[in-house]
Amino acid sequence: MAKNLVVCSMLLSFFVIISTILPSFADETKATDQIKKNPAMMDMLKKIELSKKILSQMQEGKKIDNTKSQQMQEIRNKVKSSLDEQVNRMNKDFEVYNSQNAFARFVSKKPAEIQPIYQGMFDYQQEKINSAKAERDRILAGGGKFQDAWEAYHKISATKKVKLVQLNKDYNIRYANANIEIQNAFDEKGKLPRTD
C-alpha cells in the first residue's frame, strides 16, 4: 500500500511538471506530436492518466467511507438515546423497588428509636458500594482486566464483622439507644466477656 502511494505521489509530481508544459488533458490522453513520437513519454503520460484515475477513485472511496462512518455514528446515537430512554422509563417504573426505597420500607416497620441505626448502617454500606463501583469503573476505563476490576470491587465493598460490630456500637451510642459503659463491655466480636 505504501509503495503504491509513493508511486502515485511520484507520478502526480511528474504530472504537475508536465502539465505546466503540455495542454490540459481531457478523458482521452492528449499529447503533442513530439511526445506522441516518443514511446517512453507516451507510456509515462498513460501512467499519469491512470494515476489520476486511481487518485480520484481513492478520494471517492474516502468520501464513501466518511459517509458510512457518519451514518453509523447517527445510528449509534439513535440506539443509545433509545436505550437511555428505556432505562430511564424502567427505572421510573421500578423506582419503588430500588435499594433505597425497599430499605426505607423495611426500616419504617422498626421502632422509631432504632430507625437511625439501620439507616446509618445502610448509608455506610451504600458509600462502600459507590466507592467500589468507582474503582471498578476506573480499572475498566484504564484498560484493566475484567477479573481485576471485580476483585477490586469485592475487596472495597466487603465489610468485616468486626467493623459491623464497631459501627453498631457507635450508632447505638450516637442515637442514644445505649450508654457508652454498656457498649464498652462488649469485645470486638460483639460478645460479652465470660465470668466463669
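Okay, let's start at lysine 163, which sits in helix α7, residues 161–174. Helices here are DSSP runs of H or I of at least four residues, numbered from the N terminus. Before I go on: this is a predicted model, so local features need pLDDT of at least 70 and side-chain atom pairs count only at pLDDT 80 or more, while totals for chains, interfaces and linings use all residues. Residues are numbered from 1 along each chain as its sequence is written, and side-chain values use heavy atoms, with hydrogens and water left out.

Back to lysine 163. With 38% relative accessibility, lysine 163 counts as partly exposed; buried means under 20% relative accessible area, exposed means over 50%, and partly exposed is in between, with a 1.4 Å probe and protein chains only. Its C-alpha is 9.1 Å from that of lysine 189, and the two are 26 residues apart along the chain.

Staying in α7, have a look at asparagine 172. Is asparagine 172 buried or exposed? It's buried, at a relative accessible area of 14%. And what does asparagine 172 touch, once you leave aside neighbours within four places in sequence? Ile117, Asn177, Ala178 and Gln183 are in contact with it, contact being heavy atoms within 4.5 Å.

Ile117 takes us to α5, since Ile117 is one of that helix's buried residues. The others on that list are Gly120, Phe122, Tyr124, Lys128, Ala132, Arg136 and Ile139. What covers them? The cover includes α4, α6 (146–157) and α7.

You can also check the length of α5. The expected span of a helix is 1.5 Å times one less than its number of residues, so the 27 residues of α5 should span 39 Å, and the end C-alpha atoms, 38 Å apart, agree with that. Just after α5, glycine 143 has a positive phi of about 90°.

Now, salt bridges. How many does the structure hold? Five, where a salt bridge is a side-chain nitrogen of Lys or Arg within 4 Å of a carboxyl oxygen of Asp or Glu. I'll show you three.

One pairs arginine 138 with glutamate 135, with the closest N and O atoms 2.6 Å apart. Both are in helix α5 (residues 115–141), and because they are three residues apart, about one helical turn separates them. Arginine 138 is exposed at 51%, while glutamate 135 is partly exposed at 22%.

Another joins arginine 136 and aspartate 137, at 3.2 Å from N to O. Here arginine 136 counts as buried, with 16% relative accessibility, and aspartate 137 is partly exposed at 41%.

Then there's arginine 89 with aspartate 93, where the closest N and O atoms are 3.6 Å apart. These two both lie in helix α3, four residues apart, which is about one turn of the helix. Aspartate 93 is partly exposed, at 45% relative accessibility.

Last stop, the surface. Which residues form a nonpolar patch there? Met90, Phe94, Val96 and Tyr97, with about 440 Å² of accessible area together. Patch residues have over 30% relative accessible area and no salt bridge; like charges are joined within 9 Å, and nonpolar side chains (Val, Leu, Ile, Met, Phe, Trp, Tyr) within 5 Å. The areas come from the Shrake-Rupley method with a 1.4 Å probe, and for residues only the protein chains shown count as cover. Tyrosine 97 is in the loop between α3 (39–93) and α4 (99–108), and at 58% relative accessibility it counts as exposed.

That's my tour, thanks.
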